Amino acid sequence: MDFLDILKKKAFLGREFLTWLWFKSDAAANIIQLPDGNAVEVFFLDRMILDLFDMETPQTVALKGEQSGLREGLSALREGKKIEEARLAVRTGDNEFTMTLKATWFSFGGFKTPPIMPAGDGEEDEGTEGAFLEKAYLIEEGMDIVDALLHVFLKLRLSPAWEAEELPEIRRWIAVSSS
């Protein structure tokens, strides 16, 4: 089995994660509780791509604009399309991170941290180093949040509650929200 075959077999996981994230953000007023007790706000922004990945002739829906064309996106989910890519914001405390998540490769198409404080009047080298360290810290914080969200999803996805509770709720959300 070559790499592309493996990728095709495993691509469902990133797509399910994005769908679950959209469901949870919509159903819980954009707030998702993490195991450590912290709450994360998740907002789907102005861009989403959905497609039928398993088809020989792919069918793609690209949504652009405010709120990612929620109605059109839910209709596409109802037709069997899966989220391939989504631009979203994740907020915790005072920090907001914006990113584009790509499902198949589970990669970032973009990642923006909150702005860093400008370098002070001190030494230029110290200001540059401080800005670099602050930026590195913010990148790590944002990545940790995404990792925590993925961990919550995977724990649920591998539990009996996925089939018994969560999946029926997601299906109901798609059916009710898109009609």
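These legends walk through a few close-up views of charged and aromatic side chains in a predicted model.

**View 1. Glu84 and Arg15 shake hands across the fold.**
Here Glu84 makes a salt bridge to Arg15, and the closest N and O atoms sit 2.7 Å apart. The two partners come from distant parts of the chain: Glu84 belongs to strand β4 (residues 82-92), Arg15 to helix α1 (residues 3-27), and 69 residues separate them. Are the two side chains' residues, Glu84 and Arg15, buried or exposed? Both Glu84 and Arg15 turn out to be buried. Bring Asp51 into the picture as well, and you have a network of salt bridges that links Arg15, Asp51 and Glu84.

**View 2. Arg87 meets Asp46, strand to strand.**
This salt bridge joins the side chains of Arg87 and Asp46, at 2.8 Å from N to O. Once again the pair links distant parts of the chain, with Arg87 in strand β4 and Asp46 in strand β2 (residues 39-51), 41 residues apart. Arg87 has a relative accessible area of 29%, so it counts as partly exposed. Asp46 is partly exposed too, because its relative accessible area is 32%.

**View 3. Glu96 reaches Arg91.**
In this view, Glu96 and Arg91 form a salt bridge whose closest N and O atoms are 2.8 Å apart. How accessible is each partner, then? Glu96 comes out at 32% relative accessible area and is therefore partly exposed. Arg91, with a value of 27%, is partly exposed as well. If you're keeping a tally for the whole model, the count comes to 10 salt bridges.

**View 4. Phe23 and Trp173 pair up edge-to-face.**
Now for the rings: the structure holds 10 aromatic pairs, and the one shown here is Phe23 with Trp173. Their centres lie 5.6 Å apart and their planes make an angle of 65°, which means the pair is edge-to-face, the cut-off for that being over 60 degrees. This pair also links distant parts of the chain: Phe23 sits in helix α1 and Trp173 in helix α4 (residues 160-177), 150 residues apart. Phe23 is buried because its relative accessible area is 6%, under the 20% cut-off. Trp173 has 8% relative accessibility, so it counts as buried too.

**View 5. A cluster of aromatic rings.**
Which residues do the ring pairs link into a cluster? Look for Phe17, Trp20, Phe106, Phe153 and Trp162, which are joined to one another through ring pairs.

Notes: Residues numbered from 1 in each chain as written. Predicted model: local features only at pLDDT ≥ 70, side-chain atom pairs only at ≥ 80, totals over all residues. Heavy atoms only, no water. Salt bridge = Lys/Arg side-chain N within 4 Å of Asp/Glu carboxyl O. Helix = DSSP H or I, 4+ residues; strand = E, 2+ residues; numbered from the N terminus. Buried < 20%, exposed > 50% of the residue type's maximum accessible area, 1.4 Å probe, protein only. Phe/Tyr/Trp six-rings, centres within 6.5 Å; stacked < 30°, edge-to-face > 60°.
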